[in-house]
Amino acid sequence: MSVAWVGSQPVPLTDAVRNAAKLLASSRCPVFTLDADVHGTRSAIALAERLGGAYDHAAGDVLAKEVALFTDHGGMFTMPGEARRRSSLIVIVGEIPVAHHELLQAWAGSQPDLGDKHKRTWFHIDGTETIEADKLARKLKAIPLGADGLSLPAVLGVLRAGLQGQRIAASLTNIDRFRKALTTAQFPVFVFSGTSGETAGLVMLQGLVADLNKTGRASSVFLPADDDAWGTALTSLWMTGFPPRTGFSNSLPSYDPGRWDIQRMIRDKEADLHVWMSTRGGETPPRGGKIPLISLSKTNSPTSGAKITISVGKAGIDHDGVSYSSRTGTFRAVQAAQPSELPSVSSIVGQLAQALPGRKALPC
Amino acid sequence: MLIRLTGGDVVDPVNAATAKRDVWIRDGLLVDAPKGATADETHDVSGCIVMAGAIDIHSHIGGGNVNTARLLLPEHHRAHQPRPANTPLSNAGWSTFQTGTLYAQMGFTTVVEPAMAPYTALHTHLELADIPIIDKATLAILGNDDFTLSLLRNGKSSAMLDDYVAWVIGSTRALGVKVINAGAAAAFKENVRSFSLDDTVPEYGVSSRKIVKSLQASVTRLGVPHPLHVHANNLGIAGSADTAAATIAATEGVPLHLAHLQFYGYGTEGKRKFSSEAARLAEAVNANPDVTIDIGQVMFGQTVTISSDVMRQYLAIGNASPKKTVILDGDGNGGGGIVPYRYKQDYYGSLQWAVGLELFLLITDPWRVYFTTDHPNGAPFTAYPELFELLMSSNARDAKSTELNATALGLTTLASVRREYTLEEIAIMTRAAPAKLLGLKDRGHLGAGAIADVAVYRKGRDIAKMFREAALVFKNGDLVVKNGKVTHYRWGKTLRLNPPPDKAMVKRMQAYHEERYGLSLDWFTFPDSAIQRPDPFAEVIS
């Protein structure tokens, strides 16, 4: 089975690496779309630094929204494990990605063993509803908390004002039940994600949590829209000091979510080479832009439109690795579930670096 | 490879070998002058001071909270980059790469991250492995987790506590144990807003004192070289000196390390009810040989406070500058708070600055006082050169004092203390004593058999410049810094104890995590191979 292609032609891996290195060496402004485990991400960022490129994650838009909550505001948070053990009142805020539904259902099937130890009660703050959000709310038997026609930030604003005893323009369904639940719960937790709404709504949510902490305790659990993307953000932070949408100008990293939005850079022809990494399989590079593409993706056929395609494995499936997990809210060592011959992103990136002029190894 | 450093003034208090003499390095180790041998490489270090590589026992350089600070404050990092020498403020954003580089350039070769949450140990070690040049170590946090508190509440045996502590040290690859405001993080989750040494954690009925004493005894029984590292209650508040004094008095013959004592050096005198109690605390430390302390010196400017003392950090939100913070109620011993802060030369900042210096100067034994700013809490570690100058020059202290709040300084003894640290004392405080405290026999001195971690400083009247830009630094015999700049990158190791786990405790941990978290134990542990560097850890034999 081929693992490397130049255009649509299968080639030995070494030929693909050599050709890809030539493209990288001649690029004026390469951009990198990341989607790998911690070690793949470390190597890719090191390569971007070597080449003076810029990088973002494949889920860059929603990740940027999540990052902005922290860079612009901050907040009060707790860990998934602590919420499971301690919180008898959990409020789902807007839409939570399907990938996390199993986790929330597992909480629903357990009883808090710390704090008030009451039977768990669920609420769901409505925004613009989707079928998946409705389905989750039904499974959790979550009590809706919202109002027709109000967006999520508006609902949160009204709820916050109402809980502060201010006069509110709209009435929320079940707000009295929610008030009552708050009086008995010692550690209510609001569960949110980047998919819950715009950053302004997430900031409003944090304002609500801060209000509740003036007299009692409350917190929030952040479940990233994409665990791998959040893992990339954390890795990027320690490697460069910055989250993704970072570029290397004059060899120093700089963070600018507008300037280094690489899809914009591709569209505006600021970039002249796109290195697209995708280890989850079944993904295709975003459309738009007509610059040369190097694909490092989990695939058994050449990526459409790519000058070079190299098939890579996924950490936890094809090889061991380290990934972020919302189950624990931190990194986890993952073992290969179905070990394969597919190389890891970090090994291919290492080979690319060695094939560049100077043949210098990467620090990662 | 045989390397000779010739003509330097060697400062080596451990071996009573402070004299003008040559230092020889063979294959990464220090050796006695070989008879008749010719060096492969000779460095003329005439006019220079030669010391062992420095060791920092308490600096928050990696892990979840440090990374969250980077996330919260990208603007600080950005501000730093174009003019690093002029902005010692922006360490919040520093990358792992810069951390290793900047430490090495000052002649530091080993740094301890003192607050590793056990459940995020893998994250911490991933970061530490990406810090170049220097060796690292960690202290695992205990004392706020349900398992420890339940053992104490239920009156379980000290042997069981020891097995648990050993399991945590081993599974997290730690070099020791730290307790942070013992019990307060657990109490805060139950809406307790202040917590002192004899207060109890509501759900467990266990006092902070009992937690500290139990862990102190356990660490001692296990033979962990580093005594329990204690972040006491009531950090930063007026009157905290009473808490520190009570903690010091409670050692009862068992060793204890009290972290960043400066932040507890406050009384309630004066118009602002915020005064210096440094002299009283220094006296208490001088009188109690069980106790070692580090300072946590405050220097002026912007920084960010990073602490797992979540209760204290929550209470400090109102002082955040800029106005954004992260407060995390973590699992067990994790969590904490990130609160950016600017130390101003006003009454409060001036008093804190003076309290730290008073402690440095009034604690008489340099083997029991350690040089820290609690990076980045009191100041970024890049402020160290200026701090060395303040300790070694009373004129420098006087000069700085003229810029500060006279009322605050008037409530301290600082002006009357004329002590100036000698180079020998600096070498003890930053090399010999930390190595001894951590149980690292292979470093902290320049005797034969030690690893060749060597810092060479060009003598000059400008003390800060001397310590900011080491003339030469060797790490394990590799020349890594020349004239204050890194010339060669290498990867250090993370030092750990590796106590064998008790099999029954492992089973207990498996059952506990499956029952309480619904996850198997392997979600919380990791193999060494997860770090993906060759030999990322080195064992310290206790």
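1. The note opens with a contact between the chains. In this predicted model, R85(A) is placed over the face of Y517(B), with 5.1 Å to the ring centre. A second arginine of chain A takes part in a contact of this kind: R332(A) has its charged end over the ring of W523(B), at 3.6 Å from the centre. Both distances can be set against the cut-off, which requires CZ of Arg to be within 6 Å of the ring centre.

2. The chains also share a sheet. Its four strands run in the order β5(A)-β20(B)-β21(B)-β19(B), and the sheet is open with mixed pairing. At its edges are β5 (74-78) of chain A and β19 (301-307) of chain B, each of which pairs on one side only. From one strand to the next, the twist averages 15°.

3. Within this sheet, one pairing deserves separate mention. Strands β20 (residues 325-329) and β21 (residues 335-343), of chain B, are joined by four bridges in the antiparallel sense. As a point of reference for inspection, L328(B) is found opposite G336(B) of β21(B). In general, sheet strands pair through hydrogen bonds of the backbone, in either a parallel or an antiparallel manner.

4. Aromatic pairs were searched for over the whole structure, and 37 were found across all chains. In one of them, Y324(A) and F331(A) have ring centres 6.1 Å apart and planes at 85°; the pair is therefore edge-to-face, as planes over 60 degrees apart are classed. Y324(A) and F331(A) are both buried.

5. A contrasting geometry is found in chain B. The ring centres of Y103(B) and F381(B) are 3.8 Å apart and the planes lie at 15°, so this pair counts as stacked. The pair links distant parts of the chain, with the two positions 278 residues apart: Y103(B) belongs to helix α3 (residues 96-105), and F381(B) to the loop between β22 (369-370) and α13 (384-392). Each of Y103(B) and F381(B) is buried.

6. The stacked pair of point 5 is part of a wider grouping. Y103(B) and F381(B) belong to one aromatic cluster, together with W94(B), F108(B), F360(B), F371(B), Y384(B), F388(B), Y457(B) and F467(B).

7. Finally, the burial of one helix may be noted. Which residues of α1(B) are buried? They are N65(B), V66(B), N67(B), A69(B), R70(B), L71(B) and L72(B). Helix α1 (residues 64-72) of chain B is thus described as mostly covered, with seven of its nine residues buried.

Note on methods: Residues are numbered from 1 along each chain as its sequence is written. Chains are lettered from A and ligands numbered from 1 in the order in which they are written. This is a predicted model: local features need pLDDT of at least 70, side-chain atom pairs count only at pLDDT 80 or more; totals for chains, interfaces and linings use all residues. Side-chain values use heavy atoms; hydrogens and water are left out. Two strands pair if DSSP finds at least two bridges between them. Axes are lines fitted to C-alpha atoms, for helices over the stretch in contact, and angles run from 0 to 180 degrees between N-to-C directions. Buried means under 20% relative accessible area, exposed over 50%, partly exposed in between (1.4 Å probe, protein chains only). Rings of Phe, Tyr and Trp (its six-membered ring) pair if their centres lie within 6.5 Å; planes under 30 degrees apart count as stacked, over 60 as edge-to-face and the rest as tilted. A charge sits over a ring if NZ of Lys or CZ of Arg is within 6 Å of the ring centre and within 35 degrees of the ring normal.
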